[in-house]
Amino acid sequence: MKKLITTVLCSAVAGLTIFSAPKIAGQTYAQSQYAYTTVSTQSSNISYADEIDEMVETGTFDSSSLTKEQIALINKKYGEDPQAIQELQKKSDSIKNPSLASIDTSIYAHDAQFKGYDIINGIDISRWQGNIDWKKVKADGINFALIRVALRTTESGVLEADALYKENIEGALAAGLDVGVYVYSQAITTAEARAEANYTMKLIKGYNIKLPVVMDYEYYINHSGRLARANLSPAAATTICTAFCEEVEKNNYTAMVYANKSLLTDDVYADVLAKRFPIWLAQYPGWDSATNSVHASYEGKYSYWQYTSSGSVAGISGNVDMNFRYIKKPEAVKNLHITSTSMQKASLKWNKVPYVYGYKIYRLDKSTNTYKHVGTTVGASNTSFTDKGLEVETLYSYKVLAFYGTNSGAYNGGESNIVHAATQEKNIDKVSIAKRAKDSLTLEWTPQTEVSGYHIVRFNPATGKYKTVAYVKGAKNNTYTDTKLASGTTYTYKVRAYFEEGSRRAFFKYSSSINGNTRPGQATGITASSTKNTVTVKWNGQINVAGYIVYRLNDNGKWVRVKTITNKSTTSYTDKKLSGNTIYKYCVVAYYKKSGNNVRTDRSKTVSIMTKPANARSVSVIPSKNNSVSISWKSSKNISGYLVYMKNGTTGSSWKRIAKLSSDKTSWTQKGLSANGTYKFKVKTYYRGNGATSISDAATITVKIPPKKVTGVAVNSYGSKQLMTWKAQTDADGYYIYRYTNKTKKYTKLKTITNSAASSYIINEAGSSKYSYCIVAYNKSNGKAYKGTRSALTASKKGSQKMQVICSVLNVRKGPGTGYDIIQTVSYGTELTLKGLYQDWYQISFTKDGRTYNGYVSAAYVKLK
């Protein structure tokens, strides 16, 4: 790094004296140039003003120890300039140490984020530095200057121009320095921030400002002044800074925010700002013995660093702020694209590259096959460009790069993607339908010059989008015939010209859409359906027709008109009072009006259909215990026979024909079915004659096969009650419980159980040798119950039923109910012995820990073994 050594004036610096008239908030003023005059003092009674002048002139001024009265006096004396106290401190420090001052920039270490960056030396100044010899500044190794242009006063909040901003800008530019500007802000609203931006830009209009327009955002001395008193939240302060920067960049400058480390860390969201705008850090660190350097400790992102206020530069009297600028080639522009083209213009747009000075636009020169610079935009947010004066009907290629502008040379970024644009003369006009046929349309349009051909698209109603139908090569080939179209149909087209160069194809704008109707052709999609005495004919509707004529072929082989339909929206007709089991043939003719006459299209394809025979009558299905089904029906006349179909009742099964019977058969038995199985049956009549077969409709009947014989039946006697148990059949619908009287040999139904999962029943009578018991499972089908085979008769015997606990913990009580005391608990899986029956409670016994217990448990929590 260059070592900057300049001489500071050793003579005393005269006090700056001026008193401003009261300021009115919301107005702007031109700041008066402060005159350098000597202020006399009185030995008897030194005023505050004299005290301040004396402290500055003797090098004893200490801004940190100023009283409120002294601060107020300085505000009044220097017109509420927010930079006054800082600058008085600089002058005092310069007088205190008037000897040769030097700053060795090689002792400054730079953050790791700046690896690969160039580091440029610069200063920032205001009218407080007085008249500056800018040629000497440039010769002393200073490459840029950030110049105060405006300020907002600390109390009244008035915007003023810096008294020497014009002289400083013009002098710095003339000396060859890169120039940026700043406004010393005290904005406390977004409106004030935007006003500061616009005021600053108004003052610098016409100057070549290559560096940012800066918002100097800092508090007045000792955290006083209107900005400090506003006590803004970080979010509010960030919004105010953003408003300033957006207003600047909207006017094609690059914006930047200046603040010290404390404010950046605590009072704004610096990371949010740094994503969009560069940051100018103010921090004056001391020597770090650990690294043998001076370095900034701020951890955020920044682009400029004001590292001291005690610098000395040739051409400037007194101390001056010194700065580093960090710069390298910007990143490549992304998402370059064409936004519009016209006869002689092409408009481009791309994504913003933060911080940059502007963008350079390059266009391919086909004669040299190189890209040449055709334009520049200034401002990081100025991300669009219109290239004008182009040749019509020509393909152009572009690329864009971002850059920083410096007097020592531009820092150019990486190149963007390449985009192509074709200038247009105008839309293709006068597209017309030159010829119509029933299956084709011929398009014609005005030919264009210097194009490679034409692109024809057709609207697809199914997708709602246009789809390519053809590319017609050659500028003079201005017709196209679209074939294989549906007759009597409307089609919509657009046409555009294109230019082709190598593998690249650039398109001009589409023409307006054009509709074309194919001539009506023969009716299509002819279908027919029938009942016993009717035939319904249907067809696809046609465009541009007046109506339809339905014909039926008679026994003499002639087509006879059966119906003229005058409503073109009607696309079906039902022919009635026909004979059953008869073949009929139909066709349809569309007609349209031409010169007042009906013009018929060709006949449609012929559709043949046989009317159906009568349906099978009174079909019934009765399931049997032997896993079979008996199907019966009443005899029908004028048929060839019957077709019997069966379908398993489970999901996914399909109909299967199980019998084809002659017309004299009126029943069918289907065997080999599964007990408890569900099946569906239907019976159709059919007629075969004249080389065709016609089949009737049929209703579906669902049946369920009777269940299997119930097994595992046992009857155990417990005093005045008996417990009947069996193996449950969950696919049955329920059970019937019967008592058999041995003497009379008669069955008496005791109970109907509708729960197929049931496996026990309490018989409310004592066991006796007079009776035996059985159970029958049943299924319901078509409103009737069909019984399975009765189980074997079972006599009652003294109970010894075992059961098992099916809950985690079961209470054993003294009596049959929850009101009785608990005498013991048993766990899941414990085996119990049944001793007696009491409605929903069992009397049981069990052994636990070597001891036998007797008690009662709820029947809901045990399972019979």
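**Gln 89, helix H2 and a four-stranded sheet**

Gln 89 has a relative accessible area of 15% and is therefore buried, since the cut-off for buried is under 20%. The model is predicted. The points below cover the surroundings of Gln 89, then helix H2, then an open sheet of four strands.

**Gln 89 and its contacts**
- Helix H3, which spans residues 84-96, contains Gln 89.
- Leaving aside residues up to four places away in sequence, Gln 89 touches Phe 61, Asp 62 and Ser 63.
- For Ser 63 there is also a polar pair: its backbone nitrogen lies 2.7 Å from a polar atom of the Gln 89 side chain.

**Helix H2**
- Helix H2 covers residues 68-77, and its buried residues include Gln 70, Ile 71, Leu 73, Ile 74, Asn 75 and Lys 77.
- An α-helix has 3.6 residues a turn, so residues three or four places apart point the same way.
- Gly 79 follows H2 and has a positive phi, near 65 degrees.

**The open sheet**
- The strand order is E51-E48-E47-E55, with mixed pairing.
- Strand E51 (760-763) and strand E55 (797-798) form the edges, each pairing on one side only.
- Strand E47 (residues 714-718) and strand E48 (residues 721-725) run antiparallel and are joined by five bridges.
- Tyr 718 has Lys 721 in E48 as its bridge partner.

Notes:
Residues are numbered from 1 along each chain as its sequence is written. This is a predicted model: local features need pLDDT of at least 70, side-chain atom pairs count only at pLDDT 80 or more; totals for chains, interfaces and linings use all residues. Side-chain values use heavy atoms; hydrogens and water are left out. Helices (H or I, at least four residues) and strands (E, at least two) are DSSP runs, numbered from the N terminus. Buried means under 20% relative accessible area, exposed over 50%, partly exposed in between (1.4 Å probe, protein chains only). A polar contact is a pair of N or O atoms within 3.5 Å; within protein, one must be able to donate a hydrogen and the other to accept it, and residues adjacent in sequence count only if both atoms are side-chain atoms. Contact means heavy atoms within 4.5 Å. Two strands pair if DSSP finds at least two bridges between them.
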